[in-house]
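Notebook open, going through the charged pairs and then one helix packing. Notes as I went.

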Amino acid sequence: MVALEISSAAAPQARPEKIEALLSSAGQYSEGSIAALESYVATQVSGGTYDALANKALVKLYQFTPSRCKDEVLALVLAKAMMARPAGDITSLLYVCPEALIERTPVCERLAKCDALLESSKFAEFWE
């Protein structure tokens with residue numbers, strides 16, 4: 001696994017036109033949208049941006065079609081959401097994402113545990 005620096009930034013000034021059209025269409029939750037949204041996550045990571053709405057749409061698609069879930073992309077989405085704290089984005093994603101998808105990936109499982117520690121103000125345990 002390649003180490004990536006995940007930074008958080010405000011929502012992009014302007015989403016790519018393709019993503020904006022996708023998110024405002026009825027096809028937002030069609031299985032065919034997964035590839036475009038996954039590609040957009042990679043763009044967010046490389047560009048240091050964060051788009052909570054697009055990432056939540058992707059996690060919802062993973063909820064509906066768990067067999068299409070790419071574990072590494074889900075981990076990136078959760079990491080970006082955690083870095084957006086104090087916004088509650090990661091909490092809403094963890095509610096939407098099936099627990100089985102979180103549990104099958106050690107990184108996702110660790111991010112969920114870290115979020116729980118932060119939520120309960122267990123900062124010393126978080127840093128361990």
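Started with Asp71: at 23% relative accessibility it counts as partly exposed, since buried would need under 20%. Worth keeping in mind that this is a predicted model.

Next I looked up what Asp71 pairs with. Its side chain meets that of Arg104 in a salt bridge, 2.7 Å from N to O. The two come from distant parts of the chain: Asp71 sits in helix H4, Arg104 in the loop between helix H6 (99-103) and H7, and they are 33 residues apart. I checked Arg104 too, and at 42% relative accessibility it is also partly exposed.

How many salt bridges does a search of the whole structure find? I got seven. General reminder to self: side chains of opposite charge can pair when their charged atoms come close.

Then Lys70, the neighbour in numbering. Lys70 forms a salt bridge with Glu38, at 3.5 Å, N to O. This pair again links distant parts of the chain, with Lys70 in the loop between helix H3 (52-64) and helix H4 (71-83) and Glu38 in helix H2 (residues 34-47), 32 residues apart. Buried or exposed, what is Glu38? Glu38 counts as buried, at 9% relative accessibility. Lys70, at 41%, is partly exposed.

Third pair: Asp115 and Arg85, whose closest N and O atoms are 2.4 Å apart in a salt bridge. Asp115 belongs to helix H7 and Arg85 to the loop between H4 and H5, so this bridge ties together parts 30 residues apart in sequence. Asp115 has a relative accessible area of just 5%, so I have it down as buried. For Arg85 I noted 26%, which makes it partly exposed. I also found a network here: Arg15, Glu20 and Asp51 are joined by salt bridges that share partners.

Asp115 sent me to the helix packing. I looked at H5 (residues 89-96) against H7 (residues 106-119): their axes come within 11 Å and cross at roughly 130°. That angle is neither over 145 nor within 65 to 115 degrees, so I put H5 and H7 down as oblique to each other. The crossing of H5 and H7 is left-handed. Which residues make the contact? From H5 I listed Ile90, Thr91 and Leu94, and from H7 Leu111, Ala112, Asp115 and Glu119. By type, the contact residues of H5 and H7 split into four nonpolar, one polar and two charged. So Asp115 turns up twice in my notes, in the contact between H5 and H7 and in the salt bridge with Arg85.

Notes. Residues are numbered from 1 along each chain as its sequence is written. This is a predicted model: local features need pLDDT of at least 70, side-chain atom pairs count only at pLDDT 80 or more; totals for chains, interfaces and linings use all residues. Side-chain values use heavy atoms; hydrogens and water are left out. Axes are lines fitted to C-alpha atoms, for helices over the stretch in contact, and angles run from 0 to 180 degrees between N-to-C directions. Helices (H or I, at least four residues) and strands (E, at least two) are DSSP runs, numbered from the N terminus. Angles under 35 degrees count as roughly parallel, over 145 as roughly antiparallel, 65 to 115 as roughly perpendicular and the rest as oblique. A crossing is left-handed if the near helix is turned anticlockwise from the far one by less than a right angle, and right-handed if clockwise. Contact means heavy atoms within 4.5 Å. Ala, Val, Leu, Ile, Met, Phe, Trp, Tyr, Cys and Pro count as nonpolar, Asp, Glu, Lys and Arg as charged, and the others, Gly among them, as polar. A salt bridge is a side-chain nitrogen of Lys or Arg within 4 Å of a carboxyl oxygen of Asp or Glu. Buried means under 20% relative accessible area, exposed over 50%, partly exposed in between (1.4 Å probe, protein chains only).
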